[in-house]
Amino acid sequence: MLKGMSSDCIFCKISAGEIPAKKLYEDEQAVAFADIDPKAPVHILVIPRQHIGSLAEIGASEQEKTLVGHLLGIVNQLAREQKLGKGYRIVVNIGPDGGQTVDHLHLHLLGGRQMHWPPG
Ligand code: AMP
Ligand code: ZN
């Protein structure tokens with residue numbers, strides 16, 4: 001098993017290529033892939049390869065802040081590639097009340113339609 005991987009985590013398995021996903025970007029630190037149940041015409045998830053349970057686990061260390069900044073940069077790069085110039089939304093669900101269902105940090109990139117506010 002790779003360092004930083006959780007053996008029963010579906011997103012760790014996608015990162016490792018052990019279960020299939022439509023990958024749109026990958027590097028040493030991060031992977032982006034299409035959401036299996038899209039909530040918008042463009043719905044992409046960006047994850048760190050390292051198993052981090054949620055954004056709530058991110059502290060103040062330079063390494064953690066750099067990682068989150070890197071994930072945001074990937075989201076913006078994907079938004080440009082997907083031609084979301086009219087706008088898009090980045091969502092990070094945290095914990096049960098936040099609507100998080102997969103306990104591996106992920107940023108949702110949603111676009112291609114008008115988003116609504118407030119979210120449900
Ligand atoms: P969240 O509710 O914020 O934890 O988001 C989890 C997201 O992961 C949902 O939008 C799911 O549709 C998506 N998802 C779950 N399993 C997979 C998978 N195997 N491949 C791609 N996306 C997935
Ligand atoms: Zn994981």
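Helices and strands are runs of residues assigned by DSSP, with at least four residues for a helix and at least two for a strand, and they are numbered from the N terminus. With these labels in mind, the tour may begin; please note that the model is predicted.

**Stop 1: a loop with an unusual residue**

Please select Lys83, which is placed in the loop between helix H2 (62–81) and strand S4 (88–91). The phi angle of Lys83 is near 60 degrees, a positive value in a residue other than glycine. Most residues other than glycine have a negative phi. Is Lys83 buried or exposed? Lys83 counts as exposed because its relative accessibility is 71%, and the cut-off for exposed is over 50%.

**Stop 2: the ligand**

Next, select ligand 1 and display the residues around it. The shell holds 18 residues, and the closest are Asp35, Asn93, Thr101, His106 and His108. By class, the shell is made up of 8 nonpolar, 7 polar and 3 charged residues.

Three contacts deserve a closer view. For Asp35, a side-chain N or O atom is 2.5 Å from an oxygen atom of ligand 1. At Thr101, the partner is a polar backbone atom, 2.6 Å from an oxygen atom of the ligand. At His106, a polar side-chain atom lies 2.9 Å from an oxygen atom of ligand 1. Taken alone, ligand 1 exposes 510 Å², of which the protein buries 86%.

Now show the surface of the protein without the ligand. The largest pocket is the space that ligand 1 takes.

**Stop 3: the elements around the ligand**

Which elements each supply at least two residues of the shell around ligand 1? They are helix H1 (10–16), strand S2 (30–34) and strand S3 (42–48). Helix H1 gives the most, with 3 residues.

While helix H1 is selected, find Phe11, which lies in this helix. Phe11 is buried, because its relative accessible area is 7% and buried means under 20%. A distance can be drawn from here: the C-alpha atoms of Phe11 and His43 are separated by 16 Å, and the two residues are 32 apart along the chain.

**Stop 4: the loop after helix H1**

Move on to Lys22, in the loop between H1 and strand S1 (23–26). Lys22 is exposed, with a relative accessible area of 59%. From the C-alpha atom of Lys22 to that of Ile36 the distance is 8.8 Å, and these residues are 14 apart along the chain.

**Stop 5: the loop before strand S5**

Select Gly99, found in the loop between helix H3 (95–98) and S5. Gly99 is partly exposed, with a relative accessible area of 39%. Add Gly120 to the selection: 21 residues separate Gly99 and Gly120 along the chain, and their C-alpha atoms are 9.7 Å apart.

**Stop 6: the segment after strand S5**

Finally, select Arg113, which is found in the segment after S5. At 38% relative accessibility, Arg113 counts as partly exposed. The C-alpha atoms of Arg113 and Leu55 are separated by 26 Å, with these positions 58 residues apart along the chain numbering.

Pro118 also lies in the segment after strand S5 (107–111). What kind of peptide bond joins Trp117 and Pro118? The bond is cis, with omega about 0 degrees. Most peptide bonds are trans.

Methods:
Residues numbered from 1 in each chain as written. Chains lettered and ligands numbered in written order. Predicted model: local features only at pLDDT ≥ 70, side-chain atom pairs only at ≥ 80, totals over all residues. Heavy atoms only, no water. Near = heavy atom within 4 Å. Polar contact = N/O pair within 3.5 Å; in protein donor to acceptor, adjacent residues only side chain to side chain. Areas by Shrake-Rupley, 256 points an atom, 1.4 Å probe, with all protein chains shown as cover. 1 Å grid on protein atoms, 1.4 Å probe; cavity = no way out; pocket = protein on both sides within 12 Å on 5 of 7 lines; lining within 4 Å. Sits in = over half its atoms within 2 Å of the grid points. Nonpolar A, V, L, I, M, F, W, Y, C, P; charged D, E, K, R; others polar. Buried < 20%, exposed > 50% of the residue type's maximum accessible area, 1.4 Å probe, protein only.
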